[in-house]
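Trainee: I'd like to learn how to read a model like this one, feature by feature. Can we go through it together?

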Amino acid sequence: MAIESRADHGFSTVFKSDSIINESYKEHDSPQTRVFKIIVIGDSNVGKTCLSYRFCGGKFLKNPEATIGVDFRERTLSLDGENIKLQIWDTAGQERFRKSMVEHYYRNVHAIIFVYDVTNLSSFESLPEWIEECGRHSVPAMVPRILVGNKCDLKGRGEVPTSLAQRLADGYNFPLFETSAKDPAEKEHVDAIFLTIAYKLKNHKPLRLKQPSESGATNLPVEQDQENSCFC
Ligand SMILES: Nc1nc2c(ncn2[C@@H]2O[C@H](COP(=O)(O)OP(=O)(O)OP(=O)(O)O)[C@@H](O)[C@H]2O)c(=O)[nH]1
Ligand SMILES: [Mg+2]
């Protein structure tokens with residue numbers, strides 16, 4: 001099985017089993033691309049921007065600034081020959097930078113990644129509030145949710161034991177991943193987190209077919225009527 005991906009940095013990546021080979025950009029032939037909206041949520045400074053940049057840009061983003069509102073990134077994967085575009089909504093953790101945007105974050109979302117910092121207990125303790133916020137915005141229960149503990153490269157100074165995080169994850173029935181956006185050795189693990197979501201979403205009904213006139217990448221969000229989307 002080969003998994004091919006095209007990121008917004010102009011390179012494509014081919015995953016073959018557990019190896020990743022970078023190759024130069026090439027257009028996909030298939031006009032059909034399913035687009036999924038994934039939001040990344042959590043306290044400020046936990047590394048949401050760095051994680052999404054690691055996945056879409058392939059590198060660790062040095063000196064990120066606090067996100068204001070939302071930043072969009074995307075990466076197209078070819079899973080078993082089918083194009084799946086993951087449109088990542090990197091949201092702001094700071095209340096003042098997010099309050100006018102919250103409704104947009106949750107509208108027609110297809111998957112949610114809750115992020116905490118393994119070295120910061122308070123970011124972990126905030127998770128129930130983030131999860132409740134998503135509940136208040138009527139996100140359907142079938143929308144996949146996952147928990148990511150970031151900054152594992154600093155684990156020696158970790159404040160959030162894996163056992164504690166696992167208990168919380170089990171309580172909500174979310175998969176738990178611990179990783180690092182910074183550590184290059186974790187690059188494939190970060191990819192695997194997003195691939196896990198992509199595979200879950202892949203079996204869903206088509207949400208939007210890319211039109212032939214849209215062969216170029218777009219940074220605009222695609223919002224669809226979730227009531228017309230089937231997750232069964
Ligand atoms: N050591 C380490 N530092 C990280 C990691 N990921 C992010 N950081 C650092 O953590 C800080 C915050 O990262 P961001 O990605 O901007 O955090 P954010 O969650 O997007 O913050 P907001 O946009 O304010 O919500 C930066 O100084 C990053 O360099 C990581 O995996 N390991
Ligand atoms: Mg950010």
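Mentor: Sure, and let's start with burial: a residue is buried if 20 or more other C-beta atoms lie within 10 Å of its own, exposed if 12 or fewer, and partly exposed in between. Keep in mind that this is a predicted model. Here, 38% of the chain's 232 residues count as buried.

Trainee: What are the helix and strand counts of the chain?

Mentor: You'll find 7 helices and 9 strands in the chain. As for how the chain is connected, take contacts with a separation of 6 or more: 72% of them join residues 24 or more positions apart.

Trainee: Let's try burial on single residues. Is leucine 51 buried or exposed?

Mentor: Apply the cut-off of 20 or more. Leucine 51 has 28 C-beta neighbours inside 10 Å, so leucine 51 counts as buried. Leucine 51 sits in helix 1. Leaving out residues up to four places away in sequence, leucine 51 touches Val40, Val115, Val148, Asn150, Ala181 and Val190. Glutamate 95, on the other hand, is 44 residues from leucine 51 in sequence, with 20 Å between their C-alpha atoms.

Trainee: And why does glutamine 166 count as partly exposed?

Mentor: Because 14 other C-beta atoms lie within 10 Å of glutamine 166, it is partly exposed. Glutamine 166 belongs to helix 6, residues 162-172. Alanine 181 is 15 residues away from glutamine 166 along the chain, and their C-alpha atoms are separated by 20 Å.

Trainee: Now helices. How do I check the length of helix 7?

Mentor: Compare the end-to-end C-alpha distance with what 1.5 Å a residue would give. Helix 7 covers residues 187-202, 16 residues in total, and its span of 22 Å is close to the 22 Å expected. Its buried residues are Val190, Asp191, Phe194, Leu195, Ile197, Ala198 and Leu201.

Trainee: At what angle do helix 1 and helix 7 pack?

Mentor: At about 90°, with the axes 9 Å apart. Angles of 65 to 115 degrees count as roughly perpendicular, so helix 1 and helix 7 are roughly perpendicular to each other. On the helix 1 side, Leu51, Arg54 and Phe55 make the contact, meeting Lys187, Val190, Asp191 and Phe194 of helix 7. That contact is made up of 4 nonpolar and 3 charged residues, with no polar ones.

Trainee: What about backbone angles? Which sign does phi of asparagine 45 have?

Mentor: A positive one: phi of asparagine 45 is near 80°, and this is a residue other than glycine. Asparagine 45 lies in the loop between strand 4 (33-41) and helix 1. With 15 C-beta neighbours inside 10 Å, asparagine 45 counts as partly exposed. Asparagine 63 also has a positive phi, near 50°. Look for asparagine 63 in the loop between helix 1 and strand 5 (70-79). Asparagine 63 has 4 C-beta neighbours inside 10 Å and therefore counts as exposed.

Trainee: Last one, the ligand. Which residues come nearest to ligand 1?

Mentor: For a ligand, look at who lines it, then at the chemistry of the lining. Ser44, Gly47, Thr49, Thr67 and Gly93 come nearest, out of 20 residues around ligand 1. Helix 1 (residues 48-57) gives the largest share of that shell, 3 residues. By type, the shell around ligand 1 has 7 nonpolar, 9 polar and 4 charged residues.

How values were computed: Residues are numbered from 1 along each chain as its sequence is written. Chains are lettered from A and ligands numbered from 1 in the order in which they are written. This is a predicted model: local features need pLDDT of at least 70, side-chain atom pairs count only at pLDDT 80 or more; totals for chains, interfaces and linings use all residues. A residue is near a molecule or strand if its C-beta atom, placed from the backbone, lies within 6 Å of it. Helices (H or I, at least four residues) and strands (E, at least two) are DSSP runs, numbered from the N terminus. Ala, Val, Leu, Ile, Met, Phe, Trp, Tyr, Cys and Pro count as nonpolar, Asp, Glu, Lys and Arg as charged, and the others, Gly among them, as polar. The expected span of a helix is 1.5 Å times one less than its number of residues. Two residues are in contact if their C-beta atoms, placed from the backbone, lie within 7 Å. Axes are lines fitted to C-alpha atoms, for helices over the stretch in contact, and angles run from 0 to 180 degrees between N-to-C directions. Angles under 35 degrees count as roughly parallel, over 145 as roughly antiparallel, 65 to 115 as roughly perpendicular and the rest as oblique.
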